[in-house]
Amino acid sequence: MGLWDSIRGKAQSSAGSDAAAALPEARLEALVSGRVQGVGFRWWTRGIAQEHGLIGYAENLPDGRVEIVAEGTREGVDALYAALTSGDTAGHVSDVDQSRPEPTGEFREFDVR
């Protein structure tokens, strides 16, 4: 192993331990149906996510739904889900199909895709 390989190896192992230590406690995966494209819904979702310190993304799907994946504290994830189902959103939400798998820690911020 050369000098650069050993430096890269150390950087990867220390980054890996930091990521494990900072793993979010909860994850929400939601498919949101209704009039949720072209009405600022993803940006509204991003604002709610940022208020609660969540990371992940909101993305338009070809079938007219919006996919949301968010990670953070359990309270933050619950607050985002409550906002999505509140009836007080950008556009109009008719259904939220959700799951709560284990968090992966793959995100650094909340993106609009």
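**Close-ups of a sheet and its helices**

**View 1. What helix α2 leans on.** The buried residues of α2 pack against β1, β2, β3, α3, β4 and β5. This is a predicted model, and the views that follow start from this helix. In α2, the buried set is F41, R42, T45, I48 and A49. Those five span an arc of only 120° around the axis, which puts them on the same side of α2. Turn to the other side of α2 and you find W43 and E51, both exposed. After the helix comes G53, with a positive phi near 70°.

**View 2. The sheet itself.** Five strands make an open sheet with mixed pairing, in the order β4-β1-β3-β2-β5. At the edges sit β4 (92-99) and β5 (110-112), each paired on one side only. On average, neighbouring strands here are turned by 15° against each other, direction ignored. Helix α2 (residues 41-51) packs on this sheet and touches β1, β2 (55-60), β3 (66-72), β4 and β5. The direction of α2 makes about 175° with that of β5.

**View 3. Where β1 meets β4.** Strand β1 (residues 26-35) and β4 run antiparallel, joined by seven bridges. Look for A30, which stands opposite Q98 in β4. Helix α3 (residues 74-84) also packs on the sheet, touching β1, β3 and β4. Its direction makes about 10° with that of β1.

**View 4. The buried face of α3.** G76, V77, L80, A83 and L84 are the buried residues of this helix. Sighting down the axis of α3, they fall within an arc of 125°, so they line one face of the helix. What do the buried residues of α3 pack against? Their partners are β1, α2, β3 and β4.

**View 5. Inside the largest nonpolar core.** This core counts 21 residues, and A30, V32, F41, I68, L80 and L84 have the most contacts inside it. β1, α2, β3, α3 and β4 each chip in at least two residues.

**View 6. Zooming in on I68.** Neighbours within four places in sequence are left aside here; beyond them, I68 is in contact with L28, E29, A30, V32, F41, T45, Y57, A58, L80, L84 and F110. Some of these names have come up already: F41 and T45 are among the buried residues of α2, while L80 and L84 are among those of α3.

Definitions and conventions
Residues are numbered from 1 along each chain as its sequence is written. This is a predicted model: local features need pLDDT of at least 70, side-chain atom pairs count only at pLDDT 80 or more; totals for chains, interfaces and linings use all residues. Side-chain values use heavy atoms; hydrogens and water are left out. Two strands pair if DSSP finds at least two bridges between them. Helices (H or I, at least four residues) and strands (E, at least two) are DSSP runs, numbered from the N terminus. Axes are lines fitted to C-alpha atoms, for helices over the stretch in contact, and angles run from 0 to 180 degrees between N-to-C directions. Contact means heavy atoms within 4.5 Å. Buried means under 20% relative accessible area, exposed over 50%, partly exposed in between (1.4 Å probe, protein chains only). The arc is that of the directions from the helix axis to the C-beta atoms. A nonpolar core is a set of buried Ala, Val, Leu, Ile, Met, Phe, Trp, Tyr and Cys residues joined through side-chain atoms within 4.5 Å.
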